[in-house]
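Dear colleague,

I am passing on the structure below, followed by an account of what turned up when I went through it. Please read the account with the coordinates open beside you.

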Amino acid sequence: MISTMPPSNRAKQIAQADDVDLENLAHRTPGLSGADLKNLVNEAALLAARKDKQKVEAEDFELARDKILLGLEQEDVVKLVQGPDKAE
């Protein structure tokens, strides 16, 4: 089942900045399952935590969305293709 509903259950468990619009995020993630949306929220929370933020901002959700939709970051792809010893 394709979900266009905001990932509200998991999203309610994290502190969000005022600029977060879950409805807009849901419309920008067509085709993602509930599990994918939960993963997106978790990834956004991790990104915010790595930057020592007290709240997850819209930017964190956008970066998490891009990471999930576009896959691995370029550096990770190079390591995967060349092997970990040759990527450096």
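**Salt bridges between helices**

The side chains of Glu43 and Lys67 meet in a salt bridge with an N to O distance of 3.2 Å, where a salt bridge is a side-chain nitrogen of Lys or Arg within 4 Å of a carboxyl oxygen of Asp or Glu. This pair links distant parts of the chain, since Glu43 belongs to helix α3 and Lys67 to helix α4, 24 residues apart. Helices here are DSSP runs of H or I with at least four residues, and strands are runs of E with at least two, numbered from the N terminus.

Before going further, please note that this is a predicted model, in which local features need a pLDDT of at least 70 and side-chain atom pairs count only at pLDDT 80 or more, while totals for chains, interfaces and linings use all residues. Residues are numbered from 1 along each chain as its sequence is written, and side-chain values use heavy atoms, with hydrogens and water left out.

Glu43 also meets Arg50 in a salt bridge, at 3.9 Å from N to O. Glu43 counts as buried because its relative accessibility is 12%, whereas Arg50, at 57%, counts as exposed, and Lys67, with a relative accessible area of 33%, is partly exposed. The cut-offs are under 20% relative accessible area for buried, over 50% for exposed and in between for partly exposed, with a 1.4 Å probe and protein chains only.

A search of the whole structure finds eight salt bridges. One of them joins the side chains of Arg28 and Glu62 at 2.8 Å, N to O, and the two residues are 34 apart in sequence, Arg28 lying in the loop between α2 and α3 and Glu62 in helix α4. Both count as partly exposed, Arg28 at 35% relative accessibility and Glu62 at 24%. Arg28 and Glu62 also belong, with Arg65 and Asp66, to a network linked by salt bridges.

**Helices α3 and α4**

The 17 residues of α3 should span 24 Å at 1.5 Å a residue, and the end C-alpha atoms are 24 Å apart, which agrees; the expected span is 1.5 Å times one less than the number of residues. The buried residues of α3 include Leu37, Leu40, Val41 and Leu47. Just after α3, Asp52 takes a positive phi of about 55°.

Helix α4 covers residues 58–70, 13 residues in number, and reaches 18 Å from its first C-alpha to its last, close to the 18 Å expected. Its buried residues are Asp60, Phe61, Ala64 and Arg65. Seen down the axis of α4, these fall within an arc of 135°, so they line one face of the helix, the arc being that of the directions from the helix axis to the C-beta atoms. They pack against α2 (22–27) and α3 (34–50), and α4 is followed by Gly71, whose phi is positive, near 90°.

**Asp60 and Lys53**

Asp60, in helix α4, counts as buried because its relative accessibility is 0%. Leaving aside neighbours within four places in sequence, Asp60 is in contact with Ala44, Leu47, Ala48, Lys51, Lys53 and Lys55, contact meaning heavy atoms within 4.5 Å. With Lys53 there is a side-chain to side-chain polar contact of 3.0 Å, that is, a pair of N or O atoms within 3.5 Å, of which, within protein, one must be able to donate a hydrogen and the other to accept it, and residues adjacent in sequence count only if both atoms are side-chain atoms.

Lys53 itself sits in the loop between α3 and α4 and, not counting residues up to four places away in sequence, touches Ala48, Glu59 and Asp60. Lys53 and Ala17 are 9.8 Å apart, C-alpha to C-alpha, with their positions 36 residues apart in sequence.

**Confidence**

The protein averages a pLDDT of 78, and 69% of the residues score at least 70, pLDDT being the predictor's confidence in each residue, from 0 to 100. Among the elements of the protein, α3 has the highest mean pLDDT, 90, and helix α5 (residues 74–82) the lowest, 60. Over residues 1–5 the pLDDT is below 50, and beyond near neighbours in sequence this stretch has seven contacts in the model.

With best regards
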